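Me: I have this one open beside me and would like to talk through a few details of it. Shall we begin with how the helices pack?

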Amino acid sequence: MARYIINADIVRSKIDKNIYGNFSEHLGRCVYEGMYVGENSDIPNVNGMRTDVVEALKKIKLPQLRWPGGCFADTYHWMDGIGDKAKRKKIVNVHWGDVVEDNSFGTDEFMEFCRQVGCEPYICGNVGSGTVQEMQEWVEYLNSTGTPMSELRKENGHADPYGVTYFAVGNENWGCGGNMTPEFYADNYNRYAGYLHNYEKKLFKVACGPSGTDYNWTKVLMEKSGKRMDGLALHNYTVDPMHGWRDKGDAVDFNELEWASLLNEANRIDTIIARHSTIMDQYDPEKRVALVIDEWGTWFNVEKGTHPAFLYQQNTLRDALVAAMELNIFNLHSDRVRMCNIAQLINVLQALILTDGAKMILTPTYHIFDMYKAHMDANLVETYLECDDYEYQGIKTPAISQSASVNENGDMTITLTNIDPNAERSLVADIRGEVYASASATILTADKMNEHNDFDAPDRIAVKDYNGISLLGSKLSITIPPKSVIAITLKK
């Protein structure tokens, strides 16, 4: 039996709600058909934004949304996407299928989507092919009053400034954003960021950070630009090492060896974060600069018969376990990790939502965000877990992952995963420092490892109430079924 201690009275850090953010790129059917259908669509919408999607995102309290990319961001010129839609410049989306982008969804439309959802916008600016002036004027358009760009915004029907806080200076500038060295990008970051004025809202400026285990990039950026940034963006996708980047494996058709390999790979983010954090600590011991993981999630081959550059993949229970495990890890590192964006929102990669015309389904990953939303802005408390490994053909990974937090009312949320697809795990949590009167739980699981929702059966896998827990005094007994995620609420 696992050993689990929760010190409810020892706060480690605040779990910033922005850890539960998302990412929307002009890629495939994320924006068009996913977020935006246009005002004249037969699909129910408000100002062109899909009503069903907006309502689903409001339910999980989406805190912030990144846009317009991704690789698309460093080819995007924001002035192409404002004003009369009939006169907007069309461009070719060179990164994602060479399709024509008509720019009918631009800055003002994105801000309208965020307004309807109730989330903060997180804008990614163009360093790769843009100019300092272009980026500076974008911030002026978004946030200023009494300036030439604010007058342009008024002409487009938006008198008041948008008050954008989160702004990234480029995306993946080590790759699709310009193939830069860290030294060259750091100099560019310092130049671009220096011209981004605060106006009436202080900007939270995010620098392009490393890809995965590129620890040298973090070192150089912290050394040369650490005092000028508020966040450093890490990108780390979970790709099955059995397959690699050329043939990433199938999202639905997989065996237990692939299950074990992928979940073991997902668990590596713990070490990756720890090592980047150690480097950041050398230059920023007060942890002022956030580690922003603004692209993460699973990446498989596209579904058969779909556009190869649109990155459309199904979403199974396996994806849900990856999301749950990594969110637990982000919570545990919330002293440094304070903003994250799973990739992506709709119809792309590890999406929360899939659409097909007027139809919409919520994926298992969506349900994880629903189960975990009680952690947002709660206080991470000290925990200690000692558990057996799940082992399959020589691949070993701790079977259980966890995090626990206490909200402003003193209620506790505990989230637990059991990645073993064959055997349940039992543990007794020793809760110290606080007394709770009641316990309840929900669960996400299924009979099959590759269970998923589709448009014929949209609720095949969904969150259900769970009674496999009992609270007696300070002891919380928990049984976690195979391949499952549990969220427990303790009330005072």
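**Helix packing and salt bridges**

Reply: This is a predicted model. In it, helix H8 and helix H9 make a right-handed crossing.

Me: Which residues of H8 and H9 make the contact?

Reply: On the H8 side they are Ile269, Asp270 and Ile273, and on the H9 side they are Glu326, Ile329 and Phe330. Sorted by character, the residues of this contact comprise four nonpolar and two charged, with no polar ones.

Me: And at roughly what angle do the axes of H8 and H9 cross?

Reply: They cross at roughly 25° and come within 10 Å, H8 covering residues 269-283 and H9 covering residues 317-332. Angles under 35 degrees count as roughly parallel, and H8 and H9 are therefore described as roughly parallel to each other.

Me: Changing topic, how many salt bridges are there?

Reply: The count comes to 31 salt bridges. One of the pairs is Lys224 with Asp187, whose side chains meet at 3.0 Å, N to O. Lys224 belongs to helix H6 (residues 215-225) and Asp187 to helix H5 (residues 182-194), so this pair ties together parts that are 37 residues apart in sequence.

Me: Is Lys224 buried, partly exposed or exposed?

Reply: Lys224 counts as partly exposed, at 30% relative accessibility, and Asp187 is also partly exposed, with a relative accessible area of 42%.

Me: What about Lys475, which residue does it form a salt bridge with?

Reply: Lys475 forms one with Asp430, and the closest N and O atoms are 3.6 Å apart. Because Lys475 lies in strand E25 (residues 475-480) and Asp430 in strand E21 (residues 425-432), the pair ties together parts that are 45 residues apart in sequence. Lys475 is partly exposed, with a relative accessible area of 39%, whereas Asp430 counts as buried at 16% relative accessibility.

Me: Which residues are linked in a network of salt bridges?

Reply: Asp281, Asp284, Lys287, Asp335 and Arg336 are linked in such a network.

Me: One more, then: where is the place of His375?

Reply: His375 sits in the loop between helix H10 (364-372) and strand E16 (379-386). At 0% relative accessibility, His375 counts as buried.

Me: What is His375 in contact with, leaving aside its neighbours within four places in sequence?

Reply: With those neighbours left aside, His375 is in contact with Ile15, Tyr20, Asn331, Ser403, Ala404, Ser405, Thr413 and Thr415.

Technical notes. Residues numbered from 1 in each chain as written. Predicted model: local features only at pLDDT ≥ 70, side-chain atom pairs only at ≥ 80, totals over all residues. Heavy atoms only, no water. Axes fitted to C-alpha atoms, helices over the stretch in contact; angles between N-to-C directions. Helix = DSSP H or I, 4+ residues; strand = E, 2+ residues; numbered from the N terminus. Parallel < 35°, antiparallel > 145°, perpendicular 65-115°, else oblique. Left-handed = near helix turned anticlockwise from the far one by under 90°. Contact = heavy atoms within 4.5 Å. Nonpolar A, V, L, I, M, F, W, Y, C, P; charged D, E, K, R; others polar. Buried < 20%, exposed > 50% of the residue type's maximum accessible area, 1.4 Å probe, protein only. Salt bridge = Lys/Arg side-chain N within 4 Å of Asp/Glu carboxyl O.
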